[in-house]
Amino acid sequence: MEDRGIPVEIIKIFQFWYRHQTNYVKWAGSLSEPYKLECGVRQGGLTSPKIFNMYLNDLIIELSSMRVGCRVGGVCVNNISYADDMALLGPTAGSIGQMIRVCEKYAASHGLIYNVKKSEFMLFKAASRGPDILPPINLNGTRLNRVTRFKYLGHILADDLKDDDDVERERRALAARGNMLARRFSRCTDQVKITLFKAYCQGLYTGSLWFACSQRSLDALRIQYNNFFRMLMKLPRFCSASVMFAQAQTDGFHAIIRKKVASLVRRLRESDNSILKAIASDPKAPVLRHLVRTMIPQGMSPKYMTH
């Protein structure tokens, strides 16, 4: 750690902290006997993600220097990691196998154990086509299951590269939040309801990443977004959506999407990350062109969506 520019005093503080921490288990108002944690980082600690990233940094460097995997704008993108969630990207099953061997070796030398039951692989199809039979992909001697979709950091990825499943995920989440607001806060003032709606219903998690989805799935989400606002504010069912949002001085569905996309494009262009810079610096990149088109005042026009 000293080679990475971290002061010795800081290292000693963390060493003392982790060597002397005591843990308890609370159950039904009672505490267990104290015990010491022999490995891992503090659950929920603000410094824990950075400490774990430092622990895995050598593995990420080794994977990135393999010259095996996918490339974006000349930049190797064969692994994407967030704390202990890692995704390996490769053009063939063989390349994935090579990277898994590196991960196995690193885990064995650093006291890590991969959860095989939570590990799986997916083949992204080109033009909805792909091989039906693949060679087995193993992790620690166990064959991994092939899936057609999986959730990474809350965002659903599908093997056909469509985002309809993730739009549906957000529609269901919006339904749960909207019904909760309408039930618990029906007697509040309009200003309180508008504030709650902005906080709980305008997030549209990962909405700026919806690149290829049908107009039908977006319309279903937009209609639900509008109807929940009507229900919360006790407005007529068929009143104008644009008028009611204007009167409440809050954003409609299309405005939310445009703002989220504009924020993503700005962060892409300002980022120092080599992968993100490779995407943002290529004006012909399909993803970037789609994001820029989404920001036009007409909103989510059908001609810019994939049906």
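Of the 307 residues of the chain, 33% count as buried, and the model you have open is a predicted one. With the whole chain displayed, the C-alpha atoms fill a box of roughly 65 × 55 × 40 Å along the principal axes, and the secondary structure comprises 10 helices and 12 strands. Among contacts between residues at least 6 apart in sequence, 57% join residues at least 24 apart.

**The largest nonpolar core**

Select Phe197, Trp210, Leu221, Tyr225, Phe229, Phe245 and Phe253 as a group: within the largest nonpolar core, which has 33 residues, these touch the most other members. To see where this core draws its residues from, colour helix H4 (164-184), helix H5 (190-201), helix H6 (215-233), helix H7 (241-248) and helix H8 (253-270), the elements that each give two or more residues to it. A second, separate core has 14 residues, and Leu63, Ile96, Met99 and Cys103 are included in that set. In soluble globular proteins, nonpolar side chains tend to be buried together.

**Phe197 in helix H5**

Centre the view next on Phe197, which is found in helix H5. Is this side chain's residue buried or exposed? Phe197 has a relative accessible area of 1%, and since the cut-off for burial is under 20%, Phe197 is buried. Show the residues around Phe197 while leaving aside its neighbours within four places in sequence, and the contacts that remain are Leu181, Gln202, Tyr225, Phe229, Leu232 and Phe245. For a distance to check in the viewer, pick the C-alpha atoms of Phe197 and Phe228, which are 31 residues apart along the chain and separated by 8.9 Å.

**Glu170 in helix H4**

Move to Glu170, which lies in helix H4. Glu170 is buried, with a relative accessible area of 2%. Which residues are in contact with Glu170, leaving aside its neighbours within four places in sequence? They are Arg177, Leu204, Tyr205, Trp210 and Leu221, and of these Trp210 and Leu221 were already selected among the core residues that touch the most other members.

**Helices H6 and H7**

Two packed helices are described by the angle between their axes and the distance between the axes. Isolate H6 and H7, whose axes come within 11 Å and cross at roughly 55°; the two helices are therefore oblique to each other, and H6 passes H7 in a left-handed crossing. On the H6 side, select Tyr225, Asn226, Phe229 and Arg230, which meet Ala241, Met244, Phe245 and Ala248 in H7. Coloured by class, the residues of this contact of H6 with H7 divide into six nonpolar, one polar and one charged.

**Helices H8 and H10**

For the last stop, keep H8 in view and add helix H10, residues 286-294, noting that the axes of H8 and H10 come within 9 Å and cross at roughly 135°. This pair too is therefore oblique, H8 to H10, and H8 passes H10 in a left-handed crossing. From H8, select Ile257, Arg258, Val261, Leu264, Val265, Leu268 and Arg269, and from H10 select Leu291, Val292 and Thr294, since these are the residues that meet. By class, the contact of H8 with H10 has seven nonpolar, one polar and two charged residues.

Conventions:
Residues numbered from 1 in each chain as written. Predicted model: local features only at pLDDT ≥ 70, side-chain atom pairs only at ≥ 80, totals over all residues. Heavy atoms only, no water. Core = buried A, V, L, I, M, F, W, Y, C linked by side-chain atoms within 4.5 Å. Buried < 20%, exposed > 50% of the residue type's maximum accessible area, 1.4 Å probe, protein only. Helix = DSSP H or I, 4+ residues; strand = E, 2+ residues; numbered from the N terminus. Axes fitted to C-alpha atoms, helices over the stretch in contact; angles between N-to-C directions. Parallel < 35°, antiparallel > 145°, perpendicular 65-115°, else oblique. Left-handed = near helix turned anticlockwise from the far one by under 90°. Contact = heavy atoms within 4.5 Å. Nonpolar A, V, L, I, M, F, W, Y, C, P; charged D, E, K, R; others polar.
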